[in-house]
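Below are some notes for a colleague who has asked for a reading of side-chain pairing and helix packing. They are set out as numbered points, to be read with the coordinates open.

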Amino acid sequence: MLIIHVHVHVKPEHVDAFRLATIENARNSVQEPGIARFDIIQQADDSTRFVLVEVYRISEATVRHKETAHYHAWAAKITDMLAEPRTRVSYGNIFPGDEGW
């Protein structure tokens with residue numbers, strides 16, 4: 001399992017549009033065979049900050065995900081909404097075991 005947290009800071013005037021675009025991307029992403037989860041969380045004390053929690057069954061699925069039409073559409077749509085470039089941190093799974101996903 002590969003778990004990626006994508007940190008996103010959105011311009012205040014684009015929060016609602018970002019949420020809609022990202023939900024659409026997530027709905028499509030969870031249909032991909034290599035993705036176990038694709039969560040969107042919003043910071044409680046700053047509504048302009050989000051974390052996308054992407055859980056991949058195999059690392060190659062990250063490459064395939066970035067080749068999809070829905071990813072490209074999302075990335076193009078949200079680029080001008082960002083207050084700063086996205087950052088990402090990769091994690092390995094500890095608990096629950098991979099079969100628990």
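1. A caution comes before anything else: this is a predicted model, and the remarks that follow should be read as statements about that model.

2. On charged pairs, the count comes to three salt bridges. One of them joins D39 to R37, with the closest N and O atoms 2.9 Å apart. Neither partner is buried, because D39 has a relative accessibility of 24% and counts as partly exposed, while R37, at 38%, also counts as partly exposed.

3. The other charged residues to consider are D46, R49 and E84, which are linked in a network of salt bridges. Within this network, R49 pairs with D46 at a closest N to O distance of 3.2 Å, and R49 also pairs with E84, where the closest N and O atoms are 3.9 Å apart. This second pair links distant parts of the chain, since E84 lies in the loop between helix 3 (69-78) and strand 4 (87-92), whereas R49 belongs to strand 3 (residues 49-56), 35 residues apart. The value of 3.9 Å deserves a careful eye, because the criterion asks for a side-chain nitrogen within 4 Å of a carboxyl oxygen.

4. How exposed are the members of this network? R49 is partly exposed, with a relative accessible area of 31%; D46 counts as partly exposed at 24%; and E84, with 37%, is partly exposed as well.

5. Turning to helix 1 (residues 15-29), its geometry agrees with expectation: at 1.5 Å a residue, its 15 residues should span 21 Å, and the end C-alpha atoms are 20 Å apart. The buried residues of helix 1 are V15, F18, A21, T22, N25, A26 and S29. These residues lie on the same side of helix 1, because they cover an arc of only 140° around the axis. The face turned away from that buried side carries the exposed residues D16, L20 and R27.

6. What, then, covers the buried residues of helix 1? The cover includes strand 1 (2-9), strand 2 (35-42) and strand 3, together with helix 2 (60-65) and helix 3.

7. One polar residue of helix 1 merits separate inspection, namely N25, which is buried with a relative accessible area of 2%. Leaving aside residues up to four places away in sequence, N25 touches F38, H65, H70, Y71 and W74.

8. As for aromatic rings, the structure holds two aromatic pairs. In the pair of F18 and F50, the ring centres are 4.8 Å apart and the planes stand at 50°, so the pair is tilted. This pair too links distant parts of the chain, with F18 in helix 1 and F50 in strand 3, 32 residues apart. Both rings belong to buried residues, F18 having a relative accessible area of 0% and F50 a relative accessibility of 3%.

9. The remaining aromatic pair is that of Y71 and W74, whose ring centres are 5.9 Å apart and whose planes stand at 45°, so this pair is also tilted. Y71 and W74 both lie in helix 3, three residues apart, which is about one turn of the helix. In general, an α-helix has 3.6 residues a turn, so residues three or four places apart point the same way. Y71 is buried, and W74 is buried too; both also appear among the residues that N25 touches.

Conventions. Residues numbered from 1 in each chain as written. Predicted model: local features only at pLDDT ≥ 70, side-chain atom pairs only at ≥ 80, totals over all residues. Heavy atoms only, no water. Buried < 20%, exposed > 50% of the residue type's maximum accessible area, 1.4 Å probe, protein only. Helix = DSSP H or I, 4+ residues; strand = E, 2+ residues; numbered from the N terminus. Expected span 1.5 Å × (residues − 1). Arc of directions from axis to C-beta. Contact = heavy atoms within 4.5 Å. Phe/Tyr/Trp six-rings, centres within 6.5 Å; stacked < 30°, edge-to-face > 60°.
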